[in-house]
Amino acid sequence: MFRFLLLFLLLIVSLDALSNSAILKRANSFMVKGDKSNHFRAYNDYKNLYLRSIMSDDDKLRENSLKGIVKSGEILHIDISKYKKELTNFKYKSTYKAPKPKSNKKTTKKIGLKSSHKLKSVAWKNDRLILKFDKKLRKNQINYFTLYDSKKKKYKYIFDIHASMLNKSKSLRKDGIKRVKLAQFNPNTLRLVIENNTKLKVRFKSESSVLSIRVDGYSKTSKNVKTTPVKKSITPQRVDRDKIIVLDAGHGGRDPGAVGYKRYREKIIVMQIAKEVRTILKKRGYKVYMTRNSDKYIKLSSRTKYANRKKADIFISIHANAAKSKKAKGIECYFLSKSRTSRASRVAAKENSADISAMNKYGKQSFLNFLSHHKILASNKLAIDLQRGMLGSLNKKYKNVKDGGVREGPFWVLVGAQMPAVLVEVGFVSNPQEAKRLVKVKYQKSLAMGIANGVERYFIHN
């Protein structure tokens with residue numbers, strides 16, 4: 001306990017290294033830059049300021065940080081409902097006015113689209129990639145950003161278009177460019193990725209229902225040059241798959257977890273799904289461990305200790321939800337935070353019920369405050385990628401799959417993790433429709449594929 005308190009005090013000292021005004025100024029500057037990576041950085045800064053405001057009882061700082069969280073969270077499509085509600089009810093009216101970002105319709109205007117646009121065709125025309133849609137595109141429907149991996153020397157040019165495809169995902173071959181792939185990233189977003197080992201010059205414009213993307217700077221080869229086809233049976237091993245993943249099947253042994261429709265038990269369902277995820281990730285070249293391989297009880301604190309011993313890169317705890325109302329349904333992802341929303345508190349209370357840790361309430365809350373700063377941004381990103389991965393996989397085969405969103409919650413099974421850690425709620429065993437699906441192998445495999453795809457997406461982008 002003394003060691004923990006010492007770590008907590010050191011954290012507070014390190015946080016004071018930058019003044020609140022300096023962090024707020026930095027966060028506002030990230031927002032002005034207008035790209036996705038900087039919006040994530042701004043969101044993280046605003047969250048840290050929010051925690052500081054609570055600890056220092058600073059109303060002005062609290063209001064400014066809440067404004068920043070709401071603004072950046074809406075752009076990133078993160079669930080910020082609890083912060084928006086708190087801001088609305090906030091009695092203190094600050095005279096501070098944050099500097100307005102430069103006019104940019106791409107990021108400041110809300111998108112009111114629900115997959116109403118469909119992609120009709122896509123093809124290369126010389127150095128231009130032409131995408132034709134069934135309706136006129138608005139500028140705020142196109143989100144363009146770039147990523148660069150300095151270790152692997154890979155450049156990625158990414159377009160997120162609020163639309164859907166008529167056909168399945170496809171790779172658009174282009175001599176001189178390493179990879180061009182178009183796929184349904186989530187039900188409302190079509191993602192185009194142009195990847196190359198050297199820097200490219202990418203420009204785009206939208207006119208009516210046509211998006212034209214011009215690519216220059218690549219090595220153009222002759223059309224007569226034959227290329228050797230890659231065998232489908234060979235799975236290319238990438239350097240970024242040299243990662244360690246720890247999967248945690250919730251509950252077990254004397255703790256059945258949620259017991260729902262037809263007495264279906266959470267501990268059995270999540271174990272089956274976790275094993276499917278392990279199988280897929282191992283085939284893709286990842287090193288995967290499980291906190292439990294059989295129906296046995298394990299303390300919540302022991303689960304993250306195991307992940308720390310294995311030096312895991314990420315920790316995923318898989319659970320199934322339950323509620324009094326049989327109508328409650330949906331897939332959700334949580335990352336660690338001292339959330340005060342009633343929904344998060346209810347879910348956390350259920351998952352924390354097996355915790356018999358000797359740490360007292362004050363110690364737990366202090367430790368939670370400490371970890372809210374640590375890895376919160378990475379865990380948030382991981383949760384978003386897992387949520388999108390599951391929805392993308394399930395929506396291909398099943399109807400009425402509800403998106404419960406990415407949320408924050410005080411889950412003790414995540415406390416102590418020294419890596420990005422996420423708790424996944426794969427559905428409600430108390431809902432008859434979801435319960436029937438959750439016990440079927442086919443549905444479990446689709447869920448597992450979505451989680452594996454989310455892991456893949458996280459490592460590619462981070």
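Visitor: Are Glu86 and Arg62 buried or exposed?

Guide: Both Glu86 and Arg62 are buried in this predicted model. The label calls for under 20% relative accessible area.

Visitor: What makes Glu86 and Arg62 a salt bridge?

Guide: The closest N and O atoms of Glu86 and Arg62 are 2.7 Å apart. A salt bridge needs a side-chain nitrogen of Lys or Arg within 4 Å of a carboxyl oxygen of Asp or Glu, so the pair qualifies. Glu86 sits in helix α5 (residues 81-88) and Arg62 in helix α4 (residues 59-75), so this salt bridge ties together parts that are 24 residues apart in sequence.

Visitor: And what lets such side chains pair at all?

Guide: Side chains of opposite charge can pair when their charged atoms come close.

Visitor: Why is Glu408 called buried?

Guide: Glu408 has a relative accessibility of 6%. The cut-off is under 20%, so Glu408 counts as buried.

Visitor: Why does Lys47 count as buried?

Guide: Lys47 comes to 4% relative accessibility. Set against the limit of under 20%, that value puts Lys47 in the buried class, too.

Visitor: How do you know that Glu408 forms a salt bridge with Lys47?

Guide: Look at the closest N and O atoms of Glu408 and Lys47: they are 2.9 Å apart. The criterion asks for within 4 Å, so the pair is counted as a salt bridge. This pair links distant parts of the chain, with Glu408 in strand β15 (residues 403-409) and Lys47 in helix α3 (residues 36-56), 361 residues apart.

Visitor: Why is the pair of Glu332 and Arg407 called a salt bridge?

Guide: For Glu332 and Arg407, the closest N and O atoms are 3.8 Å apart. That value is still within 4 Å, so the name applies. Glu332 belongs to strand β14 (residues 331-336) and Arg407 to strand β15, 75 residues apart, and the pair links distant parts of the chain. Both Glu332 and Arg407 are buried.

Visitor: What makes Lys154, Lys178, Arg179 and Glu195 one network?

Guide: Salt bridges that share partners join these four residues, Lys154, Lys178, Arg179 and Glu195. A search of the whole structure finds 15 salt bridges.

Visitor: How much of the protein is buried?

Guide: Of the 462 residues in the protein, 52% are buried. The secondary structure comprises 13 helices and 16 strands.

Visitor: And what share of the contacts joins residues 24 or more positions apart?

Guide: Among contacts with a separation of 6 or more, such residues account for 73%.

Terms used:
Residues are numbered from 1 along each chain as its sequence is written. This is a predicted model: local features need pLDDT of at least 70, side-chain atom pairs count only at pLDDT 80 or more; totals for chains, interfaces and linings use all residues. Side-chain values use heavy atoms; hydrogens and water are left out. Helices (H or I, at least four residues) and strands (E, at least two) are DSSP runs, numbered from the N terminus. Buried means under 20% relative accessible area, exposed over 50%, partly exposed in between (1.4 Å probe, protein chains only). Contact means heavy atoms within 4.5 Å.
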